[in-house]
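Welcome! Have the viewer open while you read, and follow along from one region to the next.

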Amino acid sequence: MGLKRVLTLRTVVATSAGLTLASSSFVAAVQVAGFLAGDTAWLAILTGGLLCLGAASCFSELNSRLPSAAGIRLYFSRAFNDRLALTVSLLYMAVVMGVVGAESYVLASVLNSALPAVPPLIWIVAMFLVVTGMNIRGIKIAGTFQDLITYGLMGSLLVLAFIALGRVGFQLTAPLAPGGILTFINAVAVGVFLFVGFEWVTPLAEEVTHSRLVSRGMLLAVGLLSVVYALFTVAMTASTPREALVASPAPQMVFARTVLGSAGVFWMVVLSLAASITTFNAGLISVSRFIYASAREYVLPPVFSRLSMRFFTPWVAILTVFAAGVTISLVVLATHRYLVLVNLAAAMESVVYALAGLAVIRLRQKEPQAKCPYRVKGGVFIPALTSLVFAGLAVAVMFTDFYVSLYLLAGFAILWWYVHQVVPALKSKYQPRRPARRRRPVAEPADAGCEKT
Amino acid sequence: MASHEEITASLLAFQEGYNKNERLKIMNRDWDRVVLVQANDIPSQHTLELRNGELSVREGAPPRADLTVIADSETLADLFYGDITPTEPYMNGTLKIIGSEDDIVRLDFISLMIWGE
């Protein structure tokens with residue numbers, strides 16, 4: 001008997017790429033270009049994409065070994081230990097909330113730039129209210145709509161890129177000379193942010209028409225995104241003054257206005273809205289469900305596991321993400337330090353990818369006989385290289401931005417303490433101890449634990 | 001390892017607990033779902049069907065399932081007897097639930113309403 005396998009490669013690619021494409025991606029793309037001389041952003045973006053392909057193949061192996069929606073929590077728990085897995089997962093979810101905050105700030109800037117009469121604060125609160133309301137009521141964005149948004153978005157970005165490149169006669173300034181090696185490494189490290197979230201497609205592993213489709217879909221999505229981002233970024237920097245792009249929290253609007261005037265602004269508003277709604281929704285769903293599941297496991301206080309009796313959605317967890325998202329957005333609005341969140345996400349993602357490479361190596365050693373339909377070819381070379389490269393990129397981002405290293409290390413230390421001190425106390429306080437309801441005899445394990453005398 | 005009959009008995013205990021809970025039946029009256037329960041260590045498949053708030057159990061797989069619950073036979077029996085909650089085996093990879101996140105949360109909620117924490 002086969003499981004319900006209905007998802008095709010088209011949907012896997014759309015899901016993987018759709019979760020990644022966001023309005024804040026354009027900020028990261030401009031930041032990548034800002035590190036480099038001439039029009040060489042494409043080099044750093046393609047290198048980032050190539051490295052992410054290594055990480056994608058590691059995630060494919062982990063997912064084929066342990067196909068579960070629990071994701072990195074399960075992979076790292078089996079490979080290392082549960083406490084490390086929990087610490088990293090909690091930190092990762094906190095960073096995703098930060099990304100949602102940065103995304104709302106960027107989208108508010110886009111909307112404010114099109115309709116200056118409405119202040120960004122109103123846009124931020126309105127957007128969060130809409131997405132939170134949708135999530136509490138359990139309204140779904142249909143799969144076909146998601147496919148349309150993703151492919152429409154990628155197609156539109158390519159068209160805009162070619163129009164812009166056409167306007168400058170396809171003349172690029174030094175497209176092959178990025179400058180120093182250190183700046184190139186930093187650009188690649190930030191470029192990783194452009195692909196953040198491609199691995200969130202792994203829970204679909206058992207719903208696709210063929211088990212290999214998730215790994216193929218991830219690789220295709222990263223490949224497609226690399227090309228789209230590389231072309232779009234080069235088009236932006238070739239057609240629009242770099243200072244204007246770097247200074248703006250919504251560089252895609254500056255670019256669209258330069259290339260197509262008010263029609264470009266309208267087009268970009270639609271694109272940004274489409275990109276943000278999928279990111280918001282994915283962020284809110286994944287983080288709120290993670291908070292709910294953690295509370296059910298007594299990793300977080302049980303209040304977070306409360307469900308709406310009407311809509312059966314975890315409303316306390318959803319409202320928590322809403323409150324955190326709005327707070328982060330307000331802080332960003334007051335300080336304008338949205339780039340810290342972009343760098344933070346890039347560093348955290350690099351840490352997770354480095355651990356994914358290590359997890360592959362460790363699980364191969366620990367469970368050599370385990371079923372593993374997909375195996376990264378070439379022995380330990382790709383997992384080891386992925387691990388080393390992404391660890392290096394994480395360090396590079398942390399050295400470049402002092403606040404990133406401060407926040408990341410502080411977050412890790414607090415969560416490490418929380419997992420070691422608070423979680424055991426929560427479990428001991430709330431975890432019920434009750435007699436089993438089992439109405440059948442307990443099966444005796446055959447010879448297990450028996451001492452032979 | 002539990003037997004196919006033990007899983008059937010646990011599912012019937014689950015059905016009995018569900019049918020005693022009038023509030024749960026009212027809450028689920030617009031949640032029509034077909035759930036496949038499949039053991040991965042013995043040949044055992046069951047179908048849980050919710051229609052108009054009523055829960056029925058039958059042996060064998062449905063032609064099409066909205067949700068699929070896969071685990072070893074022992075975990076399945078423990079789960080449907082209410083000896084364990086779904087969360088921990090789900091997080092440690094012993095239990096796999098394939099379906100939308102909202103459906104997974106609803107299944108967790110039903111188990112909570114029948115068996116408590």
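## The annotated stretch of chain B

Over residues 31-99 of chain B, the chain is 20% helix and 41% strand, with the end C-alpha atoms 14 Å apart. Please keep in mind that this is a predicted model. UniProt, in an unreviewed entry, places the feature "domain: SCP2" at residues 31-99 of chain B.

## A hairpin to look at

Still in chain B, strand E2 (residues 45-51) pairs with strand E3 (residues 54-59) in the antiparallel sense, and six bridges join the two. One of the residues to pick out is B:His46, whose bridge partner in E3(B) is B:Glu59.

Two residues sit between the strands of this hairpin, and B:Asn52 takes a positive phi near 50 degrees there. As background for viewing such strands, side chains in a regular strand alternate between the two faces of the sheet.

## Helix H14 of chain A

Now for chain A. How far apart are the end C-alpha atoms of helix H14 (residues 381-400)? They are 28 Å apart, which agrees with the 28 Å that its 20 residues should span at 1.5 Å a residue.

Buried residues of H14(A) include A:Pro383, A:Thr386, A:Ser387 and A:Phe390. Further along the helix, A:Leu393, A:Ala394, A:Ala396, A:Val397 and A:Met398 are also buried. An α-helix has 3.6 residues a turn, so residues three or four places apart point the same way. Among the elements that cover the buried residues of H14(A) are helix H3 (41-65), helix H8 (181-191), helix H13 (338-366) and helix H15 (402-430) of chain A.

## Enclosed space

How many cavities of 30 Å³ or more does the structure hold? There are three, and the largest has a volume of about 180 Å³. Its lining is made up of 18 residues, and those nearest the centre of this largest cavity are A:Leu19, A:Val99, A:Val196, A:Trp200 and A:Thr279.

The elements giving two or more residues to that lining are helix H1 (9-20), helix H2 (23-35), helix H5 (82-114), helix H11 (251-296) and H13 of chain A. H5(A) gives the most, with five residues.

## A loop residue and its contacts

Finally, find A:Phe311 in the loop between H11 and helix H12 (315-335) of chain A. Is A:Phe311 buried or partly exposed? Its relative accessibility is 24%, so A:Phe311 counts as partly exposed.

Leaving aside residues up to four places away in sequence, A:Phe311 touches A:Ile136 and A:Arg137. The C-alpha atoms of A:Phe311 and A:Ile139 are separated by 9.6 Å, and these residues are 172 residues apart along the chain.

Definitions and conventions. Residues are numbered from 1 along each chain as its sequence is written. Chains are lettered from A and ligands numbered from 1 in the order in which they are written. This is a predicted model: local features need pLDDT of at least 70, side-chain atom pairs count only at pLDDT 80 or more; totals for chains, interfaces and linings use all residues. Side-chain values use heavy atoms; hydrogens and water are left out. Two strands pair if DSSP finds at least two bridges between them. Helices (H or I, at least four residues) and strands (E, at least two) are DSSP runs, numbered from the N terminus. UniProt positions are given in the numbering used here, feature names are shortened, and annotations may be inferred rather than shown by experiment. The expected span of a helix is 1.5 Å times one less than its number of residues. Buried means under 20% relative accessible area, exposed over 50%, partly exposed in between (1.4 Å probe, protein chains only). Contact means heavy atoms within 4.5 Å. On a 1 Å grid over the protein atoms alone, a cavity is a set of points where a 1.4 Å probe fits but cannot get out, and a pocket is an open set with protein on both sides within 12 Å along at least five of seven lines; lining residues have an atom within 4 Å of a point. Grid points are joined across faces, edges and corners, and a volume is the space filled by probe spheres set on the points.
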